[in-house]
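Please open the structure in your viewer and keep the selection tool at hand. The stops below say what to select next and what is to be found there.

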Amino acid sequence: MDGSGKIRGAFRKGRAALIPYLTAGFPTLEGAREVGEAYVEAGADIVEIGVPFSDPLADGPVIQGTTARAIEEGANLDYCLDLARGLSSRVPVVFLIYYNVIFARGVGRFLEEAADAGVAGLVVPDLPVDEFGDFGRLAAERGVAVCPLAAPTSTDERLEKIGRVATGFVYCVSVAGVTGERERLPEGALALLRRVKAKSGGAPVALGFGISSAEAAAEAAAEADGVIIGSRLMRLVEEGGARAAGEWLRGIREALELERAGAGD
Amino acid sequence: MQQKAGGEEVRAGYFGPYGGRYVPETLIHALEELEEAYERYRTDPEFVEELDSLSRDFVGRPTPLMFAARLTRTWGGANVWFKREDLAHTGAHKINNALGQILLADRMGKRRIIAETGAGQHGVATATVAAMYGKECVVYMGEKDTVRQRLNVVRMELLGAKVAPVGSGSKTLKDAVNEAIRDWVTNVEDTHYIIGSVVGPAPYPRIVRDFQAVIGREIEVQSRERFGSDPDAIVACVGAGSNAIGAFYPFIGRENVRLVGVEAAGRGLASGEHGASLAEGRLGVLHGAKSYVLQTGDGQVREAHSVSAGLDYPATGPEHAYLKDEGLAEYVSATDEESLAAFELCSRVEGIIPALETAHAIHYAEKVAKELGPGKNLVVNLSGRGDKDVEEAAKALAERDGR
């Protein structure tokens, strides 16, 4: 099955898909593998692996900190591909990767290596759809899906364009801002989700940036096809290791199941 | 929309293969809004009049083209002329762009201004125009730079700006830009980001270049007045490259004018500790644009080094990358040591303490002057004055002299 099929399959679970994020190489090269395992055991539907980059301009302090540490640990692209390879037989893996890392490897070569490692899809936060050029087509040829971002500032016209190129899911950014923990689901996030879904052309829509509690995840799940959780998990890894993150994630998964049961589905 | 660079039509937002808009989706709307505002106002008579009169009365334009008689004699080559951007209000060319952009921000109804700064000159220029237009202003500055450019931190604070030290990454300009972009993503509705050089996502490189091109237009007029022709060469320092592109722009494609950009070779190109991205960088994407970037094989951006805080940036504006590839400008470099020597020479011989950035251009100007020979005319863009650098320079000179 190609990446697109794997990703769309992960969303057909009768509840919102759970998409935890981990920074490759954090807290250590080996530690990140344990985090990935813990996510799978906790019932992750897709695992998002952040490929460390020196200048992660879409990320807030927590993920900036983890990527800086990971680079010091020696988490290069080869390591990230290897990490993906270890997980991708059990769960679809998407890369969160800044464009320069792809570009430095060579777009064609990178896509081949990613496909070979079983990477199902790519989130490239600094590659808006206008700059895709041949990227989407080349990715499709290698069987790797693309997951473009949609933002509160995106016009309807842009959302349609984003929906057209989304061969994986649409990554809906809950709020104008960078990644980081927020107490509650931002106001307007549900309305935004409805707007994005109406324009996404059938691609699943996952909500990310700032979801850091079971309540917010459950609330988001009322509209979202999936929820992406990053900063909170990375802080848990920092404080209590893979096990703490896995336990907390299991709680989120239960909350998502309850939410769907409560909705009467 | 088409634009011209070096006489060639290129894809919108691009200079040849360089440039573009590699930013999070959240910012696209703001960039489109900025582009529309710029298209609308750049030819609007009221806007042009406001910019022109403030350039004259507030900035002090036109800045003089001064004959550097003693350097001309000392070097024994071409006539050396200084384009005195150091005499512009706030002490550097940076004010040209800051002024143009505050006018745009004001018309776009933005109440809050953010900026990044390395040496502090752009921060001071932005704080200045924000004060004049009554806008809230936050300037991001690498922690290291807040220490080595303390004078400018004090100036910004006096002007009412908040200086936000950036402690991530290299703690210099590169990370200040990241942090400014993060702020902009978060506050995009009411905030305008005044980017300080010809970098960043489209349309910034073009807007900043256009506001700086006043330097080149004045050089053209003043050269004809003073020596009856175009200069035979123009030399300017290149970090990210705004003073250079401003001086070069009207002359791009004219075969009678050599355009020479001088990058920071730091401790030497071979040392790896430098800011010479055109000489040693590879094509990459940083801060929203495709250009030459100092990076590892894996695409991690490297830290740049220069004795001048204004030049230690690991990339260069996309239009410079294009000019280099097309052979429309030459790019060379000067080391810390060479630039310090030029800093001293200019101070003692001409009575002008130049910015350390500018000293890079002065160093290389000697070589160009000698190549051109007597009777030819060479313009050095004196991009800024060196007040801000005296402490750093004194330290570096003392080290050099073993004191």
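Over all chains, this predicted model holds 66 salt bridges, and a good one to begin with is found by selecting Glu37(A) and Arg90(A), whose side chains meet with 2.8 Å from N to O. Glu37(A) belongs to helix α2 of chain A, residues 29-41, while Arg90(A) sits in the loop between α4 (77-87) and β3 (93-96) of that chain, so this salt bridge ties together parts that lie 53 residues apart in sequence.

Next, show chain A and chain B together and turn to the interface, where 35 residues of chain A are in contact with 35 residues of chain B. The two chains bury about 2800 Å² between them, and 51% of this area is on carbon and sulfur atoms. Between chain A and chain B, 20 residue pairs are in polar contact, with both residues at pLDDT 80 or more, and 4 salt bridges cross the interface. To see a salt bridge between the chains, select Arg105(A) and Asp298(B), whose side chains meet at 3.4 Å, N to O. On the side of chain A that touches chain B, the elements giving two or more residues are α3 (61-73), α5 (99-105), β6 (149-150) and α8 (156-165), and α5(A) gives the most, with 6 residues. If you colour that side of chain A by residue class, you should find 20 nonpolar, 8 polar and 7 charged residues.

Now select the rings of Tyr99(A), Phe103(A), Phe132(A), Phe135(A) and Tyr22(B), which form one aromatic cluster with members from chain A and chain B. Over all chains, the count of aromatic pairs comes to 16.

Staying with rings, move to Tyr41(B), where Arg107(B) lies over the face of the ring at 5.7 Å from its centre. Then select Tyr292(B), and you will find the charged end of Lys324(B) over the ring, 5.8 Å from the centre.

The last stops concern the backbone. Most residues other than glycine have a negative phi, and most peptide bonds are trans. Select Phe26(A) and Pro27(A), which are joined by a cis peptide bond with omega of about 0°; Pro27(A) lies in the loop between β1 (17-23) and α2 of chain A. In chain B, the peptide bond from Arg61(B) to Pro62(B) is also cis, with omega near -5°, and Pro62(B) is placed in the loop between α2 (45-59) and β5 (65-67). Finish at Lys171(B), which has a positive phi of about 60° although it is not a glycine, and which lies in the loop between β9 (162-166) and α8 (173-186) of chain B.

Technical notes: Residues are numbered from 1 along each chain as its sequence is written. Chains are lettered from A and ligands numbered from 1 in the order in which they are written. This is a predicted model: local features need pLDDT of at least 70, side-chain atom pairs count only at pLDDT 80 or more; totals for chains, interfaces and linings use all residues. Side-chain values use heavy atoms; hydrogens and water are left out. Rings of Phe, Tyr and Trp (its six-membered ring) pair if their centres lie within 6.5 Å; planes under 30 degrees apart count as stacked, over 60 as edge-to-face and the rest as tilted. A charge sits over a ring if NZ of Lys or CZ of Arg is within 6 Å of the ring centre and within 35 degrees of the ring normal. Contact means heavy atoms within 4.5 Å. Buried area is the accessible area (1.4 Å probe) that two parts lose on being put together, summed over both. A polar contact is a pair of N or O atoms within 3.5 Å; within protein, one must be able to donate a hydrogen and the other to accept it, and residues adjacent in sequence count only if both atoms are side-chain atoms. Helices (H or I, at least four residues) and strands (E, at least two) are DSSP runs, numbered from the N terminus. Ala, Val, Leu, Ile, Met, Phe, Trp, Tyr, Cys and Pro count as nonpolar, Asp, Glu, Lys and Arg as charged, and the others, Gly among them, as polar.
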